[in-house]
Amino acid sequence: MSPSRDSLVDALSMKGGTGDHSYATNSHYQRSVFYEIQPLVIENVREMLLKNGFPGCIKVADLGCSTGQNTVLAMSAIAYTIMESYQQTSKNPPEIDCYLNDLPENDFNTTFKLFHSFQEKLKPDVKGKWFVSGVPGSFYSRIFPRKSLHFVHSAFSIHWLSKIPDGLESNTKSIHIKYPYPPNVYKSYLNQFKNDFTLFLKMRSEEVVYNGHMVLTFVGRKVSNGLSKDCFQVWSLLSDCLLDLASEGFVNISMVESFNMPFYNPNEEEVREVILKEGSFEVTKIEKFDHVVPYKIDRDEEDEEQSLQLEAGIKHASWARCITEPLLVAHFGDAIIEQVFDKYAHYMAKYLSVSNHRPNMTLVIVVSLTRK
């Protein structure tokens with residue numbers, strides 16, 4: 001019997017630990033994006049301090065922090081910017097409370113170990129001013145006291161939905177939106193995203209101080225592309241893998257037909273619409289970046305292109321696995337995981353061989369918001 005829709009989303013987390021298939025090991029893509037958006041984050045931190053008069057205690061939250069060094073990188077950049085800004089204005093350094101938030105199944109322990117090692121290397125005057133704590137819970141609910149946060153950072157989290165959308169009973173040949181798609185499937189996903197993002201903004205509007213800032217980064221898609229065949233390619237390939245295993249008798253077809261990913265990558269218009277309609281935050285800036293999942297493939301020139309494509313497929317399969325394995329295990333069990341991603345690597349290699357395709361999920365949307 002498959003798990004309920006709610007219990008499936010309760011299992012949502014990136015793969016923990018530091019093993020070969022963990023998020024900590026395979027999140028190079030997310031880290032490379034942060035390096036690109038870091039100037040925007042720093043700019044927003046400085047603007048927040050100017051507008052809030054350099055308070056004596058700054059409260060910062062990373063929502064959907066996941067596990068591994070990416071949240072350490074983001075929070076340390078924010079903390080250093082705060083300290084540097086106070087030094088430049090000859091003000092006494094503030095205390096900084098850094099809150100790491102994610103769902104209860106998240107591997108907080110791996111992250112705490114990294115933070116501890118990082119803090120041990122800090123100068124004493126900084127080390128005694130920076131405090132880190134974990135806050136388990138859904139960011140689609142209230143998780144902080146009213147008017148307590150000065151700065152909110154969230155990266156690669158808001159595209160994950162609070163629940164599997166309603167109305168997907170006819171979506172039996174795909175685990176997401178697959179081209180060509182029934183119109184009701186797209187509408188169900190879009191409506192769920194709008195409801196969730198609206199709720200996210202409403203909850204943060206109660207927690208963020210006046211003139212507090214948020215920088216939100218998530219996977220999107222280009223408006224000009226509409227819903228083309230490549231918009232949701234990662235999930236299309238994963239669907240094909242699961243359907244193959246069902247046809248080969250390794251998994252019951254009803255299990256595949258009842259599984260849908262709680263994920264939606266919006267376009268800029270959809271994001272703006274929700275923010276303007278909810279009304280609590282002013283859009284300071286929206287930026288878009290084209291990114292490709294990075295592959296580190298070191299081979300001699302004489303190696304065949306097919307071999308390079310297969311290795312790229314394997315690299316991409318590890319990346320896809322680190323963000324989906326806990327959900328797949330919750331629904332299908334762990335017996336088919338190796339087979340799923342072995343197939344995925346070969347399907348991705350084939351996809352890359354056609355017309356110089358590049359893996360999808362390349363558009364990143366970054367939104368800077370100020371609490372009105």
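A crossing of two helices is called right-handed if the near helix is turned clockwise from the far one by less than a right angle, and left-handed if it is turned anticlockwise. In this predicted model, helix 8 passes helix 12 in just such a right-handed crossing. Helix 8 covers residues 233-247, and its axis comes within 9 Å of the axis of helix 12, the two crossing at roughly 130 degrees. Angles from 65 to 115 degrees count as roughly perpendicular and those over 145 as roughly antiparallel, so helix 8 and helix 12 are oblique to each other.

Who touches whom here? On the helix 8 side, the contact is made by Gln233, Val234, Leu237, Leu238, Asp240, Cys241, Leu242, Asp244 and Leu245. Helix 12 answers with Gln339, Val340, Phe341, Lys343, Tyr344, Tyr347, Met348 and Tyr351. Sorted by class, the residues of this contact come out as 12 nonpolar, 2 polar and 3 charged.

Helix 12 itself takes in residues 337-353, and its length checks out: at 1.5 Å a residue, its 17 residues should span 24 Å, and the end C-alpha atoms sit 25 Å apart, which agrees. Its buried residues are Ile337, Val340, Phe341, Lys343, Tyr344, Ala345, Met348, Ala349, Tyr351 and Leu352. Among them, Val340, Phe341, Lys343, Tyr344, Met348 and Tyr351 also appear in the contact with helix 8.

A second helix pair is made up of helix 7 (183-207) and helix 10 (residues 268-278). These two pack at an angle of about 45 degrees, with 10 Å between their axes. Helix 7 and helix 10 are therefore oblique to each other, and their crossing is right-handed. From helix 7, the contact draws on Tyr186, Leu190, Phe193, Lys194, Phe197, Thr198, Leu201, Lys202 and Ser205. Helix 10 supplies Glu270, Val271, Glu273, Val274, Ile275 and Glu278. The class count for this contact is 8 nonpolar, 2 polar and 5 charged residues.

Now for the loops, where some backbone angles stand out. Most residues other than glycine have a negative phi. Lys147, though not a glycine, has a positive phi of about 50 degrees. This lysine lies in the loop between strand 3 (130-136) and strand 4 (149-155). With 41% relative accessibility, Lys147 counts as partly exposed. Phe156 also has a positive phi without being a glycine, with a value near 55 degrees. Phe156 is placed in the loop between strand 4 and helix 7. Is this phenylalanine buried or exposed? Its relative accessible area is 11%, so Phe156 is buried.

Another loop residue is Gly128, found between helix 6 (124-127) and strand 3. Gly128 is partly exposed, its relative accessible area being 46%. Along the chain, Gly128 and Glu95 are 33 residues apart, yet their C-alpha atoms are separated by 8.1 Å.

That pair fits into a wider picture of the fold. The protein has 12 helices and 7 strands. Of its 372 residues, 55% count as buried. Among contacts with a separation of 6 or more, 83% come from residues 24 or more positions apart.

Conventions: Residues are numbered from 1 along each chain as its sequence is written. This is a predicted model: local features need pLDDT of at least 70, side-chain atom pairs count only at pLDDT 80 or more; totals for chains, interfaces and linings use all residues. Side-chain values use heavy atoms; hydrogens and water are left out. Helices (H or I, at least four residues) and strands (E, at least two) are DSSP runs, numbered from the N terminus. The expected span of a helix is 1.5 Å times one less than its number of residues. Buried means under 20% relative accessible area, exposed over 50%, partly exposed in between (1.4 Å probe, protein chains only). Axes are lines fitted to C-alpha atoms, for helices over the stretch in contact, and angles run from 0 to 180 degrees between N-to-C directions. Angles under 35 degrees count as roughly parallel, over 145 as roughly antiparallel, 65 to 115 as roughly perpendicular and the rest as oblique. Contact means heavy atoms within 4.5 Å. Ala, Val, Leu, Ile, Met, Phe, Trp, Tyr, Cys and Pro count as nonpolar, Asp, Glu, Lys and Arg as charged, and the others, Gly among them, as polar.
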